[in-house]
Amino acid sequence: MPLNLQTGSGTHWVSAWWAPSADDGGSPILSYEVTIAPVGEGDLVETRTKSVSPSALVEAFNTSSDGPGSQARITVTAINAVGQSVPAELIVTIPGVIPEI
């Protein structure tokens, strides 16, 4: 399981970074699967998944969020020859653009 998952966000972007687990289940990590998904129906985030190299330990997503306070669930799963780890997960609030009136 990826450790110390942290996120950052700004208007129209979310980034996530993590540390590798000391326990790889007996097989080297081949990649990480990073997913961003909406938390609720009103959250303006498109679900997307990226596969990143085991040395990356960071991934960024552009978002289509245009309302303040949209939330996204970020999950990171380590993948090796044995299978997938338990995912690390965080929920992040994305500051959106407040329209001018």
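Asn4 lies in strand S1, which covers residues 3-10. Strands here are DSSP runs of E with at least two residues, and helices are runs of H or I with at least four, both numbered from the N terminus. The model is predicted, so local features need pLDDT of at least 70 and side-chain atom pairs pLDDT 80 or more, while totals for chains, interfaces and linings use all residues. Residues are numbered from 1 along each chain as its sequence is written, and side-chain values use heavy atoms, leaving out hydrogens and water.

**The chain as a whole**

The chain has 0 helices and 8 strands. Read along the sequence, its pattern is β-β-β-β-β-β-β-β. Of the 101 residues, 36% are buried. Buried means under 20% relative accessible area, exposed means over 50%, and partly exposed lies in between (1.4 Å probe, protein chains only).

Many contacts reach across the sequence. Take the contacts between residues at least 6 apart in sequence: 59% of them join residues at least 24 apart. A contact means heavy atoms within 4.5 Å.

**Three residues compared**

| Residue | Location | Relative accessible area |
|---|---|---|
| Asn4 | strand S1 (residues 3-10) | 57%, exposed |
| Ala22 | loop between S2 (13-19) and S3 | 82%, exposed |
| Thr35 | strand S3 (residues 29-38) | 14%, buried |

Asn4 has a phi near 55°. That value is positive, and Asn4 is not a glycine. Asn4 counts as exposed because its relative accessible area is 57%.

Ala22 sits in a loop, between strand S2 and S3. Ala22 is also exposed, because its relative accessibility is 82%. In sequence, Ala22 and Met1 are 21 residues apart. In space, their C-alpha atoms are 9.1 Å apart.

Thr35 belongs to strand S3. Thr35 counts as buried because its relative accessible area is 14%. Leaving out residues up to four places away in sequence, Thr35 touches Thr47, Arg48, Thr49, Phe61, Arg73, Ile74 and Thr75. With one of these, Thr49, there is a polar contact between side chains, at 2.9 Å. (A polar contact is a pair of N or O atoms within 3.5 Å; within protein, one must be able to donate a hydrogen and the other to accept it, and residues adjacent in sequence count only if both atoms are side-chain atoms.)

**The nonpolar core**

Nonpolar side chains tend to be buried together in soluble globular proteins. Here the largest nonpolar core has 16 residues. Trp18, Ile74 and Val76 have the most contacts inside this core. Four elements give two or more residues to the core: S2, S3, strand S6 (70-80) and strand S8 (88-94). S6 gives the most, with 4 residues. (Such a core is a set of buried Ala, Val, Leu, Ile, Met, Phe, Trp, Tyr and Cys residues joined through side-chain atoms within 4.5 Å.)

What does Trp18 contact, beyond its neighbours within four places in sequence? Trp18 is in contact with Pro2, Leu3, Asn4, Leu5, Tyr32, Val34, Val52, Leu57, Val58, Glu59 and Val76. Asn4 is therefore among the partners of Trp18, and Asn4 is exposed.

**An open sheet**

Three strands form an open sheet in the order S1-S2-S5. Their pairing is antiparallel. Two strands pair if DSSP finds at least two bridges between them. The edge strands are S1 and strand S5 (58-62), and each pairs on one side only.

How many bridges join S1 to S2? There are 6, and the two strands run antiparallel. Take Gln6: its bridge partner in S2 is Trp17.
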